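Me: I have a model open and I want to learn how to read it. Can we go through it feature by feature?

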Amino acid sequence: RDTDPETLDRYACIIIQAVPRFDARTVENLQQFVSRGGGLAFFFGELMSEQDYQHYNEVLHQSALKAGKPALLPFDLKGPAELQRTAEETTPDFVADNHPVFNWSQMLSNSPFLYVRVQRYVDIDQSVFSGSAPIEASGIQNPANDSKTSQIWQKVLTLRNQKPLLIDHSVGNGRVMYCLTVLDRQWTNW
């Protein structure tokens with residue numbers, strides 16, 4: 001958070017794992033970094049509280065939209081949810097969507113994710129899938145039609161309950177990836 005934008009520009013990508021809070025300077029630096037072409041990846045987990053998810057919604061989504069800036073977070077986070085599984089379940093816990101990150105998996109006869117299990121994930125506000133968020137033929141979501149706030153995002157991985165697990169979000173010249181689970185074995189065996 002104390003790093004200036006010029007120092008951040010030395011990196012191709014910044015990974016944020018369950019960081020509970022961001023101050024205004026950090027958010028501005030991350031916004032500039034991504035807008036200039038940087039990559040940003042968010043992962044969540046047990047270290048985050050309900051208040052932390054609300055903080056993300058406020059500083060990474062709602063305050064940016066109010067200020068007329070592109071939001072780093074294109075939706076509101078609801079918090080952790082359980083992915084229910086029955087003993088008879090044979091469906092993979094998630095599948096890759098049509099996205100360049102997993103194009104290689106589309107050519108395989110079996111899912112490479114068949115034995116990957118997800119117990120918990122971070123749910124998002126489902127209103128982004130309503131009429132206010134049209135789904136184009138490409139599968140890309142546009143949650144706002146106002147050119148100041150319009151952001152393009154796409155599901156990269158989808159859970160078997162049809163909720164997103166990995167989301168790619170375009171901001172300026174950069175990308176933000178949201179992995180709606182943890183980067184360890186607390187919530188998944190991946």
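Reply: Start with a pocket. The second largest pocket has a volume of about 180 Å³. Keep in mind that this is a predicted model.

Me: Which residues line the second largest pocket?

Reply: Going along the chain, the lining takes in A24, V27, E28 and Q31, then V59, L60, S63 and A64, and then K69, P70, A71 and L72. Two helices, α2 (24-35) and α3 (50-66), each supply at least two of the lining residues.

Me: How many residues of that lining are nonpolar, polar or charged?

Reply: Eight are nonpolar, two are polar and two are charged.

Me: How far should I trust the model?

Reply: Look at pLDDT, the predictor's confidence in each residue, from 0 to 100. The mean for the protein chain is 84. Of its residues, 86% reach 70 or more.

Me: Where does pLDDT stay under 50?

Reply: Over residues 130-151. For that stretch the model has 42 contacts beyond four places in sequence.

Me: Let's take a single residue. Is F33 buried or exposed?

Reply: Buried means under 20% relative accessible area. F33 has 2%, so F33 is buried. Its place is in helix α2.

Me: What does F33 touch, leaving out residues up to four places away in sequence?

Reply: F33 touches L8, D9, Y11, A12 and C13, as well as I14, G38 and G39. Now set sequence against space. F33 and V171 are 138 residues apart in sequence, yet their C-alpha atoms are 9.9 Å apart.

Me: Next, salt bridges. What is the idea, and how many does the structure hold?

Reply: Side chains of opposite charge can pair when their charged atoms come close. The structure holds 10 salt bridges.

Me: Which residue forms a salt bridge with D9?

Reply: R36 does, and the closest N and O atoms are 2.9 Å apart. This pair links distant parts of the chain, 27 residues apart. D9 lies in the loop between α1 (5-8) and β1 (13-17). R36 lies in the loop between α2 and β2 (39-43). Both partners are partly exposed: D9 has a relative accessible area of 40%, and R36 has 42%.

Me: What about R21? Which residue is its partner?

Reply: R21 forms a salt bridge with D52, with 3.3 Å between the closest N and O atoms. R21 is in the loop between β1 and α2 and D52 is in helix α3, so the pair ties together parts 31 residues apart in sequence. Check burial as well. R21 is partly exposed at 46% relative accessible area, whereas D52 is buried at 7%.

Me: Where do the partners K78 and D123 lie?

Reply: K78 is in strand β3 (residues 77-82), and D123 is in strand β5 (residues 120-124). They are 45 residues apart, so read this pair as a link between distant parts of the chain. Their side chains meet in a salt bridge of 3.9 Å, N to O. K78 is exposed, with a relative accessible area of 53%. D123 is buried, with 9%.

Me: Which residues are linked in a network of salt bridges?

Reply: E46, E82 and R120 are linked in such a network.

Note on methods: Residues are numbered from 1 along each chain as its sequence is written. This is a predicted model: local features need pLDDT of at least 70, side-chain atom pairs count only at pLDDT 80 or more; totals for chains, interfaces and linings use all residues. Side-chain values use heavy atoms; hydrogens and water are left out. Contact means heavy atoms within 4.5 Å. On a 1 Å grid over the protein atoms alone, a cavity is a set of points where a 1.4 Å probe fits but cannot get out, and a pocket is an open set with protein on both sides within 12 Å along at least five of seven lines; lining residues have an atom within 4 Å of a point. Grid points are joined across faces, edges and corners, and a volume is the space filled by probe spheres set on the points. Helices (H or I, at least four residues) and strands (E, at least two) are DSSP runs, numbered from the N terminus. Ala, Val, Leu, Ile, Met, Phe, Trp, Tyr, Cys and Pro count as nonpolar, Asp, Glu, Lys and Arg as charged, and the others, Gly among them, as polar. Buried means under 20% relative accessible area, exposed over 50%, partly exposed in between (1.4 Å probe, protein chains only). A salt bridge is a side-chain nitrogen of Lys or Arg within 4 Å of a carboxyl oxygen of Asp or Glu.
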